[in-house]
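Welcome, and thanks for taking a look at this one with me. Please open the chain in your viewer and keep it at hand while you read.

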Amino acid sequence: MDTLSTLKCPTCYYQAIELMPTDRIVDSYQCKGCGTVLRAKPGQDCVFCSYGDVPCPPVQARRTSSAEQGTCCGACGG
Ligand SMILES: [Zn+2]
């Protein structure tokens, strides 16, 4: 799982590599370039999904688990 994401500010285009927490959603982030507080876009949970180049860990986990469940019923563990 990737926990580093490059966040690009839509206002000043400053890019910062940030560590994404794996246990929570980050819904706001202050740009280190211009100070603008970025908020997740409508329909998205977090700023990394909206402005980063890597989806946030909870989203990655959701994708991985759904792919694994596709091989079986999901209840038998196999
Ligand atoms: Zn900025």
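## Cys-49 and its surroundings

Leaving out residues up to four places away in sequence, Cys-49 touches Gln-44, Pro-55, Cys-56 and Val-59. Please keep in mind that this is a predicted model. Cys-49 sits in helix α1, which covers residues 47–51. Its relative accessible area is 23%, so Cys-49 counts as partly exposed. Leu-7 is 42 residues from Cys-49 in sequence, yet the two C-alpha atoms are 9.3 Å apart in space.

What keeps Cys-49 from being bonded to Cys-46? The closest cysteine sulfur to that of Cys-49 belongs to Cys-46, at 3.5 Å, and this is too far for a bond. Seen from the other side, the sulfur of Cys-46 likewise has Cys-49 as its closest cysteine sulfur, at 3.5 Å. A disulfide is counted when the two sulfur atoms are within 2.5 Å, so the 3.5 Å between Cys-46 and Cys-49 is too far. As a reminder, a disulfide is a covalent bond between the sulfur atoms of two cysteines. A search of the whole structure finds 0 disulfides. Cys-46 is buried, at 1% relative accessibility, whereas Cys-49 is partly exposed.

## The zinc site

Which residues coordinate the zinc ion? The donors are the SG atoms of Cys-9, Cys-12, Cys-31 and Cys-34, at 2.3 to 2.4 Å. The angles among these 4 donor atoms run from 104 to 115°, and the site is tetrahedral. Along the sequence, the donor residues follow the spacing C-x2-C-x18-C-x2-C.

Are Cys-31 and Cys-34 buried or exposed? Cys-31 is buried, with a relative accessible area of 5%, while Cys-34 is partly exposed at 38%.

Here are the accessibility values for several residues discussed in this report.

| Residue | Relative accessible area | Class |
|---|---|---|
| Cys-31 | 5% | buried |
| Cys-34 | 38% | partly exposed |
| Cys-46 | 1% | buried |
| Cys-49 | 23% | partly exposed |
| Tyr-13 | 57% | exposed |
| Val-37 | 44% | partly exposed |

## The β1–β2 hairpin

Now to the start of the chain. Strand β1 (residues 4–8) and β2 run antiparallel and are joined by 5 bridges. Among the pairings, Thr-6 has Ile-17 in β2 as its bridge partner, and Leu-4 stands opposite Leu-19.

In a regular strand the side chains alternate between the two faces of the sheet. In β1, Ser-5 and Leu-7 point to one face and are buried, whereas Leu-4, Thr-6 and Lys-8 point to the other and are not. Strand β2 (residues 15–19) also alternates: Ala-16 and Glu-18 are buried on one face, and Gln-15, Ile-17 and Leu-19 point to the other face and are not buried. The bridge partners Thr-6 and Ile-17 can be read against these patterns: Thr-6 belongs to the face of β1 that is not buried, and Ile-17 to the face of β2 that is not buried.

The two strands form a hairpin, with 6 residues between them. Where is Tyr-13 found? Tyr-13 is in the loop between β1 and β2. Its phi is near 65°, a positive value in a residue other than glycine. With a relative accessible area of 57%, Tyr-13 is exposed.

## Val-37 in strand β4

Val-37 belongs to strand β4, which spans residues 37–39. At 44% relative accessibility, Val-37 is partly exposed. Neighbours within four places in sequence aside, Val-37 is in contact with Ser-28, Tyr-29 and Gln-30. Val-37 can also be placed relative to the zinc donor Cys-9: Val-37 and Cys-9 are 28 residues apart in sequence, with 9.4 Å between their C-alpha atoms.

## The chain as a whole

How many helices and strands does the chain have? There are 2 helices and 4 strands, and from the N terminus on they run β-β-β-β-α-α. Of the 78 residues in the chain, 27% are buried. The accessible surface of the chain is about 5,100 Å², and carbon and sulfur atoms account for 49% of that. Among contacts with a separation of 6 or more, 34% come from residues 24 or more positions apart.

Note on methods
Residues numbered from 1 in each chain as written. Predicted model: local features only at pLDDT ≥ 70, side-chain atom pairs only at ≥ 80, totals over all residues. Heavy atoms only, no water. Donors = N, O, S within 2.8 Å, 3.2 Å for Na, K, Ca; no water. Tetrahedral: all angles 85-135°; square planar, octahedral: opposite > 155°, others 65-115°. Buried < 20%, exposed > 50% of the residue type's maximum accessible area, 1.4 Å probe, protein only. Pairing = 2+ DSSP bridges. Contact = heavy atoms within 4.5 Å. Areas by Shrake-Rupley, 256 points an atom, 1.4 Å probe, with all protein chains shown as cover.
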